[in-house]
Amino acid sequence: MTNSKTVTDRAADNIRILSASTVEKAKSGHPGGAMGGADFINILYSEFLKYDPNQMDYPFRDRFFLDPGHMSPMLYSVLSLTGKFSMEDLKQFRQWDSVTPGHPELDVLRGIENTSGPLGQGHVIAIGAAMTERFLADRFGEWMSHKTYTFISDGGIQEEISQGGGRIAGHLGLSNLIMFYDSNNIQLSTKVEEVNKENVGKKYEAWGWNVLSINGNDADEIRKALTTANKETERPTIIIGKTIMGKGSVKSDGSSYEDQVATHGMPLTAAGGDYKKSIENLGGNPEDPFKIFEEVADLYKNRSEDLIKWAEENREIEKAWEEKNPELAKKLNEFLSGSIPEIDYSEIKQSPNSATRGASASVLSVFAEKVENMIVASADLSNSDKTDGFLKKTTAFQKGDFSGAFFQAGVSELTMAVIMNGMALHGGVIPVCATFFVFSDYMKPAVRLACLMGLPVKYVWTHDAFRVGEDGPTHQPVEQEAQIRLMEKLKNHKGENSMLVLRPADAIETSTAWKTALENTSTPTALILSRQNIKDLPADGNRYEEALQLVKGAYIVKDSTETPDIILLASGSEVSTLVEASKLVEKEGFNVRIVSVPSEGLFRNQSKEYQQEVFPVGIKRFGLTSGLPVTLEGLVGDSGTVWGLNSFGYSAPYTVLDDKLGFTPEKVSNQIMKLL
Ligand SMILES: Cc1ncc(C[n+]2csc(CCOP(=O)(O)OP(=O)(O)O)c2C)c(N)n1
């Protein structure tokens, strides 16, 4: 159905009025871009985007991911036309505890598919969702296919991540992806032409995209472009829409106040325009601006009825498919519900004394067979980060072939991590991605958003310490563990640790770490793994049973029969170094306890009783870390010492580094003895 131009344009003006008014009322926000993008968002929501108004999380809905979160007023306004936000919600824009925060935060039931704000991430999230749609459609059929729409602005186009996203979406031929580029030649401090002269269309064309250029404020052109994009079968589409910043805004003398940098980030009045006159100019009542025009309400009511019909018809198709394919239907249900298959981790064969990255490969090779909705990615390091354990049993995504479950991301860590967020947001899959730990620095912005949104993405970070050796200080993580563990201390909005960070101490603990990672469905999980072999930890009984205690964050791996004189603690490979060092300390007649601390965050969630059982008051503690000492200082306390690294590493074989940097059992035992 197409709508008469008048109603369509009235609806877009309604979005402009509501956007300008939310910002004006909050006395802060970004009206200009929202007013320019209103025409596109209106056509998208009133004519193209398919979803079920009665079940916003209907799994087979189209997705819309906003990239420029500062344009939230545009999204809230169009969603108010669909009935998902009230006028009262709009009036509470940017206020404490409102459902309309300054930048949109994930709220699927109200139509907010992603948290946005850091420019560039939103459109790459869309790419991850589009890949997931292909992955699922390959397994369950095209009846479930849907489109993924995204809206990008100049800022997102400029962010480096758009290079990774553009390349990957083009390479994989994601024709289910439709991106509107709101090209208004204005950004925060300058006009775009002052920083950017490239031909954006040619750039996307070179990446293999279908490029359409239109007047982004013209309803007919938008409609035509969206229709063409919907028919595309080979390439992702970018619709470059030239739009006018602050469309419809005027000054007090009634002359145009469009195309002004000032309206990017300030209420119209503060920017130098005339708010009341602008609202009048757009056909609204400045004394009562929070209103939906009658004909616009009808337009959206009709659309809603059409969508309910669409959802009913789709459910019929779904039902018929389920009846014909009961086994597949059961599997699809499991995928979508986020359930995890039963796996006996104690049965996973681990070679003795192996590197934890190798131990992770053993687990991943089991996942490749048993976790059919797992997608594993690597940023061109699969044979080093050992995700090849998974890859050997599947194939990598190709254009037109998503039957495999591996994603070769190329060298683009941030893009990869954001794509994982998009996969998690789409739902139905378990995303895992890997690279060297030192390059987690490149991924941090995506990790932060995964933490904020509570997405169960798994990060495999290998080459966890200076023991990468000859590659030198550029490749040797030192401060990375302390950095990422800060996310264990930062709570998400549900009050949970926003991230789970596990650094297992040996091969068997890597199995239990993976078990815990998979069972964590509410936050992201990191696994920090060694490149070098690690001696298996001693066990009183069954090592696997003992290593299951990893879920407590810290546990005793070796104890003295009498009250210990000292407690030694570490994570990762340093635990086995402590075991060796303890033998020398025991020779001197001291009683020693050794504690493995795979996750301080988990440990701090345990009862005080348990914490004191592991670290009784009054017994000195010695911590060993290949990271910054601060990694363990909180657990060691004032009366103890941490031996760690206070500088970047050096290039040399790792055994030499262990010696020079004081990490041999002998040198560590000397440090411990100093404390006794
Ligand atoms: C990664 C990142 N860097 C900086 C910002 C701050 N910021 C918000 S909007 C903006 C300018 C972007 O302009 P554009 O995307 O053209 O939006 P428009 O002016 O059209 O509203 C900047 C720098 C941000 N949100 N994210």
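# Sheets, helix packing and a ligand shell

Strands β8 (residues 430-436) and β9 (residues 458-462) run parallel and are joined by five bridges. Within this pairing, Val432 has Lys458 of β9 as its bridge partner. The model is predicted.

**The six-stranded sheet**

β8 and β9 belong to an open sheet of six strands. Its order is β7-β6-β8-β9-β11-β10, and the pairing is parallel. At the edges lie β7 (406-408) and β10 (500-502), each of which pairs on one side only. Between neighbouring strands of this sheet the turn is 20° on average, direction ignored. As background, strands of a sheet pair through backbone hydrogen bonds, either parallel or antiparallel.

**Two helix contacts that share α16**

Packed helices are described by the angle between their axes and the distance between the axes. Helix α16 takes part in two such pairs, one with α17 and one with α7.

| Helix pair | Angle between axes | Axis distance |
|---|---|---|
| α16 (residues 413-426) and α17 (residues 444-453) | about 15° | 8 Å |
| α7 (residues 161-171) and α16 | about 65° | 8 Å |

Take α16 and α17. They pack at an angle of about 15°. Angles under 35 degrees count as roughly parallel, so α16 is roughly parallel to α17. Their crossing is left-handed. On the α16 side, the contact is made by Leu414, Ala417, Val418 and Asn421. On the α17 side, Pro445, Ala446, Val447, Leu449 and Ala450 take part. By class, this contact of α16 with α17 has eight nonpolar residues, one polar residue and no charged ones.

Now take α7 and α16. Their packing angle is about 65°. The range from 65 to 115 degrees counts as roughly perpendicular, so α7 is roughly perpendicular to α16. The crossing of α7 and α16 is right-handed. Here Ile161, Gly164, Gly165 and Ile168 of α7 meet Leu414, Thr415 and Val418 of α16. The residues of this contact divide into four nonpolar, three polar and no charged.

Leu414 and Val418 of α16 appear in both contacts: they help to meet α17, and they help to meet α7.

**The five-stranded sheet**

Another open sheet has five strands, in the order β12-β14-β13-β15-β16. Its pairing is mixed. The edge strands are β12 (555-558) and β16 (641-643), and each pairs on one side only. From one strand to the next, the twist averages 30°.

One pair in this sheet is β15 (residues 620-624) with β16, which pair in the parallel sense over three bridges. Leu624 stands opposite Trp643 of β16. Helix α21 (residues 573-587) packs on the sheet. This helix touches β12, β13 (566-570), β14 (592-596) and β15. The direction of α21 makes about 180° with that of β14.

**The ligand shell**

The ligand is surrounded by 18 residues. The closest are Gly33, Ser153, Asp154, Gly155 and Gln187. Two elements, α2 (31-48) and α6 (154-158), give two or more residues to this shell. By class, the shell holds six nonpolar, 10 polar and two charged residues.

**In brief**

The parallel sheet is built from six strands, and the mixed sheet from five. Helix α16 lies roughly parallel to α17, while α7 is roughly perpendicular to α16. Around the ligand, α2 and α6 each supply two or more residues of the shell.

Conventions: Residues numbered from 1 in each chain as written. Predicted model: local features only at pLDDT ≥ 70, side-chain atom pairs only at ≥ 80, totals over all residues. Near = placed C-beta within 6 Å. Helix = DSSP H or I, 4+ residues; strand = E, 2+ residues; numbered from the N terminus. Nonpolar A, V, L, I, M, F, W, Y, C, P; charged D, E, K, R; others polar. Pairing = 2+ DSSP bridges. Axes fitted to C-alpha atoms, helices over the stretch in contact; angles between N-to-C directions. Parallel < 35°, antiparallel > 145°, perpendicular 65-115°, else oblique. Left-handed = near helix turned anticlockwise from the far one by under 90°. Contact = placed C-beta atoms within 7 Å.
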